[in-house]
Amino acid sequence: MRVSKRATGVIAAGMAAALVASGCSSSEGGGESDSGATADGSITIHGVQPENPLVPANTTETGGGKIIDDLWTGLVEYPNDGGAPRNALAESIETKDSKVFTIKIKKGTKFHDGTEVKAESFVKAWNWAAYSPNGAANGSFFADIAGYDQVTAVDPDDDGPKKAPEPAAKEMSGLKVVDDQTFEVTLSAPTAVFPTKLGYSAFMPLPDVFFTQKPEEFGKKPIANGPVKFVSWEDNVSIKLTRFDDYNLRDKVKVKDVNVKLYQDENAAYADLLSGNLDFLESIPTSALAGEKYKADLGARALNTVTPTTAFIAFPIYDKRFQDPKLRRAVSLAINRQDISDKIFFGTRKPADSWANPLTPGAPAGNCSSCKFDPTQAKQLLTEAGGFTGEMVFYYNADSSHKDWMEAVAQQVKTNLGIEARAEGIPTFAVFRQNINAHSMKGPYRAAWQQDYPDIENWVNPLFVKGGSSNDGLYSNPEVDAGAKAASGAPSLEASHQQFAEVLKKVDADVPTIPIYFYGQQSGHSEKIKKMEPNNVGELDLSSVEL
């Protein structure tokens with residue numbers, strides 16, 4: 001998915017949850033900044049239509065996630081250089097046992113409607129997100145908190161005709177407001193990674209007005225607490241933001257207006273970048289990677305970095321045709337990742353060989369046994385699985401540069417397994433995600449994971465635990481669930497990482513998805529931007545922009 005970004009301060013934590021702070025990186029687009037031009041200026045940046053209205057706890061994809069990360073400021077944030085989390089809105093996060101956390105927030109910060117951000121702004125938001133009848137997609141992120149099991153109810157037949165019973169409670173027992181600036185969080189078990197997670201958008205505060213509206217109404221005109229505020233949203237055209245002048249934290253935005261232009265084609269966005277009609281494009285289309293064309297086009301305005309993001313092929317395991325792990329492993333072994341990296345991405349992507357991105361703390365390297373290219377073993381496994389009848393269609397969203405590599409995957413499966421395979425584009429990312437969330441996909445499909453916070457836990461619980469926020473294929477293994485729960489409750493990060501590594505061995509045996517490549521990111525900015533920084537996942541850090 002994604003990560004909240006901005007970086008300030010140092011987390012104040014007790015010894016059981018101490019985190020090491022790291023400095024920000026600094027990069028320049030060249031030239032001296034004109035403070036007047038910056039203060040009154042505007043920029044246009046690339047975006048795609050969000051899947052849902054902009055409610056933090058109900059946004060699990062990057063189209064809406066990037067906007068939410070700009071609109072909101074959370075308790076902690078993640079430095080642009082990939083260092084350890086630091087305090088943002090939190091004054092301090094203290095614990096003696098990694099189970100009970102006392103969180104104090106900075107006084108005098110405001111929501112965009114002028115109301116003060118208080119401790120209850122977090123407690124009420126978290127309780128709303130965790131209460132399962134509200135249907136928040138990110139509700140599972142609160143599973144660490146005591147009383148979560150009382151505010152959630154299990155669907156007895158997994159999306160079948162029966163309805164889940166009403167939960168026993170509406171609020172988690174592990175949340176307590178102490179005063180306007182302080183609240184206490186009690187977890188069901190010691191969880192050393194808990195402070196690291198608090199910069200993810202699921203944990204953002206909500207103003208009182210949210211609770212007087214329908215979530216979808218609020219999400220179309222959101223009121224947040226970050227350095228820019230919402231102005232307007234025209235579907236599939238643009239989302240307009242403007243500087244919040246009452247923002248009083250250190251990552252204040254210098255430019256006045258930000259126009260997020262919603263594209264359906266990255267090649268059109270690249271053309272706009274070259275003509276000066278777009279000021280930042282996060283991902284250069286593959287058409288401009290050949291022969292490093294983008295470098296010739298952009299010169300010093302071309303950026304090249306790596307991000308903790310992995311591209312996958314996901315399986316709709318709810319479809320009986322894809323429930324045999326041998327079939328899934330066969331498909332994975334039939335894919336030549338090096339060939340895709342070299343011929344489609346011209347070496348700008350690295351073939352994936354592990355389940356968690358290697359840039360992630362705690363991620364073991366080379367632990368994906370099905371990521372090697374072995375067509376002989378693939379054919380044998382396909383035979384053992386009973387073959388595959390009919391056409392295997394690989395789906396992708398056509399509004400980004402995925403056509404070439406998805407067609408390459410389909411062709412390799414066809415050539416190496418003898419399956420009638422092809423790739424098919426779905427016009428927009430929003431519709432693509434709607435189909436995925438409705439569990440209506442008819443074949444394997446493109447997926448990617450952009451980590452929400454820097455820890456291996458984020459590459460397991462949301463993706464592979466039953467009920468996880470992004471377990472879109474409905475993969476389920478009780479041993480994985482139990483192991484992940486134990487790893488999440490480990491008393492130290494080191495112990496947690498070791499246990500999650502063991503959990504991934506069980507995931508590897510099941511092949512619920514197929515890691516394909518680790519992202520290398522090529523971006524570009526306009527001549528208008530004189531200074532900027534990408535954040536730790538390659539998105540534009542708005543607070544760094546000078547014109």
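Me: Let's start with Lys 261: how exposed is this residue, and how do I read the number?
Reply: Burial goes by relative accessible area, where buried means under 20% and exposed means over 50%. Lys 261 has a relative accessible area of 30%, so it counts as partly exposed. Bear in mind that this is a predicted model.

Me: Which residue forms a salt bridge with Lys 261?
Reply: For a salt bridge, look for a side-chain nitrogen of Lys or Arg within 4 Å of a carboxyl oxygen of Asp or Glu. Here the partner is Asp 272, and the closest N and O atoms are 2.9 Å apart. Lys 261 sits in strand 10 (residues 257–262) and Asp 272 in helix 7 (residues 266–275), so the bridge ties together parts that are eleven residues apart in sequence. Asp 272 has a relative accessible area of 15%, so this residue is buried.

Me: How many salt bridges does the structure hold?
Reply: There are 23. One of them brings together the side chains of Asp 297 and Lys 293, at 2.7 Å from N to O. Those two are four residues apart in helix 8 (residues 293–298), which means about one helical turn separates them. Asp 297 is partly exposed at 28%, and Lys 293 is partly exposed as well, at 38%.

Me: What does Asp 319 pair with, and is Asp 319 buried or exposed?
Reply: Asp 319 makes a salt bridge with Arg 321, with 2.9 Å between the closest N and O atoms. Asp 319 counts as buried at 16% relative accessibility, while Arg 321 is partly exposed at 34%. Salt bridges can also share partners, and Glu 51, Arg 433 and Asp 472 are joined into one network that way.

Me: On to sheets. What is the strand order in the open sheet of four strands?
Reply: The general idea is that strands of a sheet pair through backbone hydrogen bonds, either parallel or antiparallel. In this open sheet the order is 4-5-7-6, and the pairing is antiparallel. Strand 4 (90–95) and strand 6 (175–179) each have a single partner strand, so they stand at the edges with one side lacking a neighbour in the sheet. Neighbouring strands are turned against each other by 20° on average, ignoring direction.

Me: How many bridges pair strand 6 with strand 7?
Reply: Four bridges, in the antiparallel sense, with strand 7 covering residues 182–186. If you want a spot to zoom in on, Lys 176 stands opposite Glu 184 in strand 7.

Me: What lies across this sheet?
Reply: Helix 3 (residues 119–130) lies across strand 5 (100–105), strand 6 and strand 7, and runs at about 170° to strand 6. Phe 122 is a good residue to pick out in helix 3. Its relative accessible area is 0%, so Phe 122 is buried.

Me: Which residues does Phe 122 touch?
Reply: Leaving out residues up to four places away in sequence, its contacts include Leu 75, Leu 89, Ile 105, Val 117 and Phe 183. Phe 203, Met 204 and Pro 205 also touch Phe 122.

Me: Where can I see a parallel pair, and what joins up with it?
Reply: Strand 14 (residues 391–397) and strand 15 (residues 420–426) run parallel, joined by seven bridges. Glu 391 stands opposite Glu 420 in strand 15. Together with helix 12 (residues 403–417), these two strands make a right-handed β-α-β unit.

Me: Now helix faces. Which residues of helix 13 are buried?
Reply: The trick is to look down the axis and see where the buried residues point. In helix 13 (residues 429–437) they are Phe 429, Ala 430, Phe 432, Arg 433 and Ile 436. Their arc around the axis is only 160°, which puts them on the same side of helix 13. They pack against helix 2 (62–71), strand 14, strand 15 and strand 16 (445–450). Just after helix 13, His 439 takes a positive phi of about 55°.

Me: What about helix 15: which residues are buried, and which are exposed?
Reply: Helix 15 (residues 478–488) buries Val 480, Asp 481, Ala 484, Ala 487 and Ser 488. These fall within an arc of 135° seen down the axis, so they line one face of the helix. Their cover includes helix 14 (461–464) and helix 16 (493–510). Pro 478 and Lys 485 are exposed on the other side of helix 15.

Technical notes
Residues numbered from 1 in each chain as written. Predicted model: local features only at pLDDT ≥ 70, side-chain atom pairs only at ≥ 80, totals over all residues. Heavy atoms only, no water. Pairing = 2+ DSSP bridges. Axes fitted to C-alpha atoms, helices over the stretch in contact; angles between N-to-C directions. Contact = heavy atoms within 4.5 Å. Buried < 20%, exposed > 50% of the residue type's maximum accessible area, 1.4 Å probe, protein only. Right-handed = clockwise from strand over helix to strand, strands pointing away. Arc of directions from axis to C-beta.
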